[in-house]
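This report introduces a protein structure and its ligand to a reader who has not met them before. It turns first to the surroundings of the ligand and then to pairs of charged side chains.

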Amino acid sequence: MVGAGVGGLTQALALAKAGFEVTLLEANESLTTTGAGIQLSPNATRILQRFGLADSLARVADSPQQVVCRHWQTGAPVSIQPLGVVAATRFGAPYYHLLRADLIDVLAEAIQREPSVTLHCNASVRSVVQIPEGVEVDSSAGTFHGDVLIAADGVHSSLREAIFGEANARFTGQAAWRLLVPRSALNDCDVPAETGVWWGPGKHFVAYPVNQGRSVNCVCVVEAKQWTEESWTQKGRAQDLAEDFKGWHPNLQGLIAAADPAEVRQWALLDRPTLDRWYSGRVVLMGDACHPSLPFLAQGAAMAIEDAEVLSVCLAEDIEPAAAFRAYQRLRQPRTDYVQRASRRNAGIFHATGLKAWARDRLAPWAGDRVTAKLYRFDAGRLARQHFNR
Ligand SMILES: Cc1cc2nc3c(=O)[nH]c(=O)nc-3n(C[C@H](O)[C@H](O)[C@H](O)COP(=O)(O)OP(=O)(O)OC[C@H]3O[C@@H](n4cnc5c(N)ncnc54)[C@H](O)[C@@H]3O)c2cc1C
């Protein structure tokens, strides 16, 4: 396997639980992660719970009570959907906010407990050659052999490019700001235990508590004319961020003012066309390497986690790798296509103005509930097992 992000680590764990030997190659020197916070919805947490991570996740996660979409200036709620116990009961698994580093730690500790998983950090994969009996992988840590190769090397996947050619990434006309604000730096700024999404003309602002309420994770998307960088670690100027959200609700101004300017990041949002084929010979793609989505549904990592369980179910069948990969793509593609499309559509909805915004606000409670039910009820692993009559 290549890549030990959320997708790769979950995949290694799923395969180990299914009885496979796994070699996991990660380019970084340790399992560090970029991006501050992450939301994990019930369709993802139910899978991690099945892998035995219920307690370790609950220890580090925040459990928001509701997701509230608000007017950018007044803060008036436009739509409220219950999370917390209500969502856990309705969907059979919890909705969590986490620090990404905590999620990676939980997954890394779990694979350390699996003797059949060997992790090599500082192992940047350079090329893969398909040989009659499997694959030969050349990396900065040496050469490795395996029956199949799973590429979980993220949105900039070099393996996807090597196998399927350039992805022709397109700038969406949007850039995202990211900041993590310590609650101790906030004065009278009110940050409830909710997923707050503030909709405004041409922009939106997402804020939610992480780290047991000690910090507030913010992702703020604005429309931008041109860009070249798509990196989460790109530094941004705090005064530009403040300028972008001038006139927005005082709570959001308070969050921006309390952020450490050295820690403010900004990057471009690029979009990629969907792939027709997810595998070639004995190499298969998963997670962002396969179907990256814009962050307007908070489902990218959840899709990687769903992929991981489904791919392990398919590989555990007594069939040729090509047949397992075909079944995996057939089971996953309708779902990931939907998430990619719906995420793109949300950009226009979140940033609407005039009559469109008026209609959005009236429809939001109903439409939001419909979309979340479709996303959160889905049980990817059960569907895969049913496909094989298990
Ligand atoms: C602003 C923003 C907010 C988001 N919020 C959410 C959210 O709330 N909920 C959610 O579900 N999703 C969210 N996402 C999406 C989510 O972060 C991604 O979908 C997820 O991280 C993808 O996981 P992955 O394992 O496929 O890729 P990655 O996490 O990118 O991991 C890829 C790994 O592969 C390694 N690698 C790359 N190349 C090589 C190589 N040649 N050799 C060896 N290793 C290599 C990298 O070092 C990395 O560790 C968000 C995304 C953005 C941009």
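A polar contact is a pair of N or O atoms within 3.5 Å. In this predicted model, a polar side-chain atom of E26 lies 2.6 Å from an oxygen atom of the ligand. Backbone N or O atoms also take part: that of G7 lies 2.8 Å from a ligand oxygen atom, and that of A301 lies 3.0 Å from one. The protein covers 84% of the 1,000 Å² of accessible area that the ligand has on its own.

The ligand is surrounded by 32 residues, of which G7, E26, Q39, R100 and D288 come nearest. By class, this shell comprises 16 nonpolar, twelve polar and four charged residues. At least two shell residues each are supplied by α1 (6–17), β2 (37–40) and α9 (300–316).

Side chains of opposite charge can pair when their charged atoms come close. The structure holds 17 salt bridges, including those tabulated here.

| Salt bridge | Closest N to O distance |
|---|---|
| D379 and R50 | 2.7 Å |
| R265 and E263 | 3.9 Å |
| E243 and K246 | 4.0 Å |

D379 forms a salt bridge with R50. D379 lies in the loop between α11 (354–377) and α12 (380–387) and R50 in helix α2 (residues 42–50), so the pair ties together parts that are 329 residues apart in sequence. D379 counts as buried because its relative accessibility is 13%, under the 20% cut-off, whereas R50, at 36%, counts as partly exposed.

R265 is buried at 12% relative accessibility, while its partner E263 is partly exposed at 43%. Salt bridges that share partners join R50, E309, D379 and R385 into one network.

Methods:
Residues numbered from 1 in each chain as written. Predicted model: local features only at pLDDT ≥ 70, side-chain atom pairs only at ≥ 80, totals over all residues. Heavy atoms only, no water. Near = heavy atom within 4 Å. Polar contact = N/O pair within 3.5 Å; in protein donor to acceptor, adjacent residues only side chain to side chain. Areas by Shrake-Rupley, 256 points an atom, 1.4 Å probe, with all protein chains shown as cover. Helix = DSSP H or I, 4+ residues; strand = E, 2+ residues; numbered from the N terminus. Nonpolar A, V, L, I, M, F, W, Y, C, P; charged D, E, K, R; others polar. Salt bridge = Lys/Arg side-chain N within 4 Å of Asp/Glu carboxyl O. Buried < 20%, exposed > 50% of the residue type's maximum accessible area, 1.4 Å probe, protein only.
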